[in-house]
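Take the two chains one at a time, beginning with the overall form of chain A and moving on to the local detail of chain B. The text below follows that order.

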Amino acid sequence: MTIALWVILGIIVLLVIIVIAMYNGLVRLRNQVKNAWAQIDVQLKRRYDLIPNLVNTVKGYMQHERQTLEAVTNARNLAQAGVGKGAAERSKLEGELSGALARLLVVVENYPDLKANQNFLALQEELTSTENKISFSRQYYNDSVLRYNNQTQMFPSNIMAGMFGFKGGEFFEVAAPEEKVAPKVSFP
Amino acid sequence: MGLGLLLLAVGYFLGLYFFGSPTGGLVIALIVWAVMSLVAYFQGDSIFLAMSQARKIGRDDFPRLYNLVEEMRIASGLEKMPDIYIIDDPALNAFATGRGPNKAALAVTSGLLQKLNRDELQGVIGHEIAHIKNRDVLLMTMAGILLGTIVILAWYATRIMFFSGMSGGGRRNSRSGGGQGQAILVLVGVILMILAPIAAQLLYFAISRRREYLADASSALYTRYPEGLASALQKLATSDVQVRTANKATAPMYTINPFQKRGMSVENLTSTHPPIAERVRILRAMGGASYADYERAYEQAKKQRLLPASALAATGTVVMRAARPEAVDEKVEKAARVRETSQALWNLSGYRTIDCPCGAKLRVPPDHGGDTVKCPHCGRIHQV
């Protein structure tokens, strides 16, 4: 009889270990999602900080492009003010800022003096990189949400998720113009 | 793991012969393995870096490279930025090293920085970051140690057997009796001792090649743009410059086989890297950017499986991003890259740069005594 007892004990211990592992896995994935969201914020903020510098560098060379520059500054201020708002609203504001920046960079092509300026080139690299980082951090956030959602919905961890209140995450949808192929800049 | 089992088998038979106790042999094999592992673990990455004369760079030394690495770090979910090094070498190659994701280093040759455009460079860096994230360096080090241990043990075993003869081994194990069973065991042991090192080597190289494919797949997933890495690999394959400081020990760490032109065959079983043409073909055959897409392309080309089913489950569809608009002038962009790279290298060596109004660029060496320097073209004096 004692052998059966040991077997039952062994099974219970095994189950406990499995439950702990599943719970920890869910916690880890949920934290990854939170972390990834914070990372998006970090990159967006970096963009806000870069833009005034960019506008100042460019202003001297592009005196006739006041409207384009103003559009960029306004879009940036609006986006920064929207930090506390929900994901859909922020996504829209950030998309508009990306659009304004893209238009500015297209206009810059007409100013060869500006394009040769070392400061501007360094800033352009930073801006390009920041745009990439925003898009990668969004990508990573969506990947994390997918992993987390999978874990909360697939068997057997969905039982665990239900018991302990792990809900899925929301994907960060983007309607920004930069996601499509940018128009080719052609010279006459 | 095949190599691990092989080691245990070798240890078992060693013990059977020489100590009458197989567990004794196993213990000895494990002790040898443990000692070698500890040594390799703590030696770390500094040896590779010192051997390649790599120089560490910070964010301001080379912003474009630093930014690319940071972008890949974000896309892969690595927690800590790896240390970034530049190797002053016209050859095109890159490597990753380090114990694990928290203590990793990544090195790129200056030739690579000059010749590849942003997307291609990002593909290569994505590949290296994938090595870091998947702990490939640790894996290959462990595998290398297992291989070394097996070879050492098998060599000693065959040597001793040769000198002491079969009968000696048989006599020591008389406790179990039954000559027939004993002879078969002896025979199996002998065959194992001879074949083990060969099998271990083949396994080692097979593992290395598999991890390379996996790193390619991960790079495509992070960048969402497999064409970047494919195009970079093509440029690497057609370049004909050799990496000066590569040798057999450091070969597995590079992006492509650094010996491809030296006449060492690169496409057989003893190669650490899969053939580049194959890698490029698989990357270009991908329909999306997920692991499932890579697996599909891989199976199409090689008729074998690469990734386990668990890695492919529930990856969802991952769309490749569109190609960026081409640079307006490829030559101008390339010239800018070359200038940027050589400027960074001069700075790293401690040289200061002064732009003279006559158009000349003066490079002041770090050991320049005195606080003025004269321009060799126009004769103007500049303050250092």
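**From overall form to local packing**

A compact globule of 188 residues would have a radius of gyration near 16 Å, whereas chain A has 25 Å. Both chains belong to a predicted model. The C-alpha trace of chain A spans about 95 × 30 × 30 Å along its principal axes. Buried residues account for 23% of the 188 residues in chain A.

What is chain A built from? Its secondary structure consists of 6 helices and 0 strands, which gives the pattern α-α-α-α-α-α along the sequence. Among the contacts in chain A with a separation of 6 or more, 77% are between residues 24 or more positions apart.

Chain A is divided into domain 1, residues 55–111, and domain 2, residues 117–172. The centres of these two domains of chain A, taken over C-alpha atoms, are separated by 24 Å. Where they meet, 5 residues of domain 1 of chain A are in contact with 6 residues of domain 2 of chain A. On the side of domain 1 of chain A that touches domain 2, helix 1 (2–59) and helix 3 (87–108) of chain A each supply at least two residues. Helix 3 of chain A gives the most to that side, with 3 residues.

Chain B contains strands as well as helices, and a sheet is a useful place to start. This open sheet of chain B has 4 strands in the order 1-2-4-3, with mixed pairing. Strand 1 (54–57) and strand 3 (94–100) of chain B stand at the edges with a single partner strand each, so one side of each has no neighbour in the sheet. On average, and with direction ignored, neighbouring strands of this sheet are turned by 25 degrees against each other. Within the sheet, strand 2 (residues 83–87) and strand 4 (residues 103–109) of chain B pair in the parallel sense over 5 bridges. The bridge partner of B:Ile84 in strand 4 of chain B is B:Leu106.

Helix 6 of chain B packs on this sheet and touches strand 3 and strand 4 of chain B. The direction of helix 6 makes about 20 degrees with that of strand 3 of chain B. Helix 6 of chain B covers residues 118–133 and reaches 22 Å from its first C-alpha to its last, close to the 22 Å expected at 1.5 Å a residue. Of the 16 residues of helix 6 of chain B, 15 are buried, so the helix is largely enclosed by the rest of the structure. Just after helix 6 of chain B, B:Arg135 takes a positive phi of about 55 degrees.

Helix 4 of chain B can be read in a similar way. This helix, residues 63–76 of chain B, should span 20 Å at 1.5 Å a residue, and its end C-alpha atoms are 20 Å apart, which agrees. Helix 4 of chain B is mostly covered, with 11 of its 14 residues buried. The buried residues of helix 4 include B:Leu68, B:Met72 and B:Ile74, as well as the charged-name entries B:Glu70, B:Glu71 and B:Arg73. Just after helix 4 of chain B comes B:Gly77, with a positive phi of about 85 degrees.

Further along chain B, strand 5 (residues 352–355) and strand 6 (residues 361–364) run antiparallel and are joined by 4 bridges. B:Thr353 stands opposite B:Arg363 in strand 6 of chain B. These two strands of chain B form a hairpin with 5 residues between them, and B:Gly359 in the turn has a positive phi of about 110 degrees.

How values were computed. Residues numbered from 1 in each chain as written. Chains lettered and ligands numbered in written order. Predicted model: local features only at pLDDT ≥ 70, side-chain atom pairs only at ≥ 80, totals over all residues. Rg over C-alpha atoms; globule rule 2.2 N^0.38 Å. Buried ≥ 20, exposed ≤ 12 C-beta atoms within 10 Å, placed from the backbone. Contact = placed C-beta atoms within 7 Å. Pairing = 2+ DSSP bridges. Expected span 1.5 Å × (residues − 1). Axes fitted to C-alpha atoms, helices over the stretch in contact; angles between N-to-C directions. Domains from an automatic or database assignment.
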